[in-house]
Amino acid sequence: MNHARGIVSRRLFVSGMFAALGAAPVAAAGASASGVAAVASGGGLLRARPATVFLGGRARSTWAYDGVVPGPTIRVTAGGTVRARLVNDLPAPTTVHWHGIRIAADMDGAPGFSQRATRPGESFDYVFTVPDAGTYFYHSHVGMQSDRGLYGALIVTDPHEPLGYDQEFTVVLDDWLDGVKGTPDDARRRMNTTPHDESLTSPALGGTSGHVRYPYYLVNGHTADEPTTFVSRPGTRARFRVINASADTAFRVALGGHRMTVTHTDGFPCDPVTVDTFVIGMGERYDFVATLDAGAFPLMAMAEGKGGRAFAVVRTTPGARRPSPKGKVPELQRRMLKYQDLQAQRADQLGPPSRTVTVTLGLRMRRGGNEWMMNGRLANDPMRLRVDRGETIRIILHNDTHMWHPMHLHGHTFQVRASDRGGPRKDTVNVMPRKRVNIDVHADNPGEWMFHCHNLYHQEQGMMGVLGYGKAPRRTHGMGH
Ligand code: C2O
Ligand code: CU
């Protein structure tokens, strides 16, 4: 398997565009050498429906695509076309948003911007080309739905993949309460009436890490006690595609006994950086490669500032003792990735901006609940940034709150100006409390685009603006459905 780096993995993927991640208690994610989980689910149908998943030894009701969590992994070649028919078997309207894809606006799944949500019993055909290779994901963009099981990986492969590796794994992280502590909508309502939990703080995030302690943190739909196992062989150069699909949780990720070489940020290649650990915010993705040792190793994702953990096993030796989810992973405390370490590859660097605008992230505490704002405005009467087609603008994201915000822009990627050298190409950037981050956006994809915090609670409590080109926007996203 080591002879044809980067080719073996691609060949394994031709079994169909949709492949389910491990639904069995022990299964490799995505296509692996063992081929365990490459289950074709047929036809490009994506059925959003009520479902039952087994977590913590009990059946939990949730909503999921095709009844599995995560939903089917969609694989497509860069430049190719995704055709997915969303069938809505939920008792509520829904959409699919293709997070990070530079997509045509009417396929973006942004309700109230470019399309209305698909009603119960209806279907919608998503047909779009994917310009860039990389690690992406899809999720519902209606209300709190993505905090249920309505998310899945979208992997865009490069027909001329320059990165040499033998095998790849997709690692989808999630925070889970649905069907355990009520629904995500219940959690949002509770948040309006209960005081903030002051103990949820993290030095790595510079302050308050989130709102909710979740009962479970998942890797590919599995709890730490019934973990996913990624099966490989000693000496394999493995690529891990890590996706944080959580609503309210950043994860600190490490692979016990290994260093990680980070190669991609939100899909885009970067100059490789070798670290021991990284923090991944909601909506972010990192790819890393590691040459696997002999044994069985913990892939640990600590819920940053919350105490819980998501956990999987990387196994290269069949007989090796399984690591414990409670075990110590010293790499978590060693060298941590910073944005300043990251540098997009030459071809993806943006030229200098023609102007600068500031977006201030604010908070107003109200009796009925918090209001998270962008330039003093809420989602129901949003901040609007007007840009001209073809221009590059610098946006200074100024966080004037005590919490960090993973800010995500639809339809584009931007360059984070993390250092004088340049910075990484991303579509979601963490802005720490009281700090500023500069991002440069090249306006090359006309439309009215959501620009929002990927903390789902903040998004639903107002932190949603618009970046648009020229024409007047239509009705915008409402709050709290
Ligand atoms: Cu993951 Cu508005 O998106
Ligand atoms: Cu936020």
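For the residue classes used here, Ala, Val, Leu, Ile, Met, Phe, Trp, Tyr, Cys and Pro count as nonpolar, Asp, Glu, Lys and Arg as charged, and the others, Gly among them, as polar. This is a predicted model, in which local features need pLDDT of at least 70 and side-chain atom pairs count only at pLDDT 80 or more, while totals for chains, interfaces and linings use all residues. Residues are numbered from 1 along each chain as its sequence is written, chains are lettered from A and ligands numbered from 1 in the order in which they are written, and side-chain values use heavy atoms, with hydrogens and water left out.

## Overall fold

The chain has 34 strands and three helices; helices (H or I, at least four residues) and strands (E, at least two) are DSSP runs, numbered from the N terminus. Of the 481 residues in the chain, 62% are buried. Buried means under 20% relative accessible area, exposed over 50%, and partly exposed in between (1.4 Å probe, protein chains only). Among contacts (heavy atoms within 4.5 Å) between residues at least 6 apart in sequence, 75% join residues at least 24 apart.

## Copper site and its surroundings

The protein donors of the copper ion (ligand 2) are His405 (ND1), Cys453 (SG) and His458 (ND1), lying 2.0 to 2.1 Å from the ion. Donors are N, O and S atoms within 2.8 Å of the metal (3.2 Å for Na, K and Ca); water is not among the atoms, so sites may look incomplete. Along the chain, the donors follow the spacing H-x47-C-x4-H. The two histidines link distant parts of the chain, with His405 in strand S28 (residues 405–409) and His458 in helix H3, 53 residues apart. Both His405 and His458 are buried.

Asn455 is found in the loop between strand S33 (448–453) and H3. With a relative accessible area of 2%, Asn455 is buried. Not counting residues up to four places away in sequence, Asn455 touches His211, Ala247, Asp248, Met282 and Pro406.

## Cavity

Rolling a probe the size of a water molecule over the atoms shows where empty space is left. On a 1 Å grid over the protein atoms alone, a cavity is a set of points where a 1.4 Å probe fits but cannot get out, and lining residues have an atom within 4 Å of a point. Grid points are joined across faces, edges and corners, and a volume is the space filled by probe spheres set on the points.

A search of the whole structure finds one cavity of 30 Å³ or more. The largest cavity holds about 80 Å³ of space. Its lining has 13 residues, of which His139, Ser140, Ser146, His454 and Leu456 lie nearest the centre. By class, that lining has eight polar, five nonpolar and no charged residues. Strand S9 (134–139) and helix H3 (456–460) each supply at least two residues of the lining.

## Nonpolar cores

A nonpolar core is a set of buried Ala, Val, Leu, Ile, Met, Phe, Trp, Tyr and Cys residues joined through side-chain atoms within 4.5 Å. The largest core has 96 residues, of which Trp98, Ile395 and Phe451 touch the most other members. Leaving aside neighbours within four places in sequence, Ile395 is in contact with residues including Val357, Leu385, Val437, Phe451 and Leu467. A second, separate core of 15 residues includes Ala64, Val69, Tyr216 and Ile243.

## Arg425 and Asp266

Arg425 is found in strand S30 (residues 425–426). At 7% relative accessibility, Arg425 counts as buried. Beyond four places in sequence, the contacts of Arg425 include Arg102, Asp266, Phe268, Asp348 and Phe414. Asp266 is itself buried, with a relative accessible area of 0%.

## Backbone features in loops

A cis peptide bond joins Val69 and Pro70. The table places this bond and two residues with positive phi, neither of them glycine.

| Residue | Backbone value | Loop between strands |
|---|---|---|
| Pro70 (cis bond from Val69) | omega about -10° | S4 (58–65) and S5 (73–77) |
| Asp266 | phi near 50° | S18 (260–265) and S19 (268–275) |
| Arg434 | phi near 65° | S31 (428–431) and S32 (436–442) |

Ala294 also has its place in a loop, between strand S21 (285–291) and strand S22 (296–303). Apart from residues up to four places away in sequence, Ala294 touches Pro234, Thr316 and Thr317. Ala294 and Thr236 are 58 residues apart in sequence and 9.7 Å apart in space, C-alpha to C-alpha.

Notes. On a 1 Å grid over the protein atoms alone, a cavity is a set of points where a 1.4 Å probe fits but cannot get out, and a pocket is an open set with protein on both sides within 12 Å along at least five of seven lines; lining residues have an atom within 4 Å of a point.
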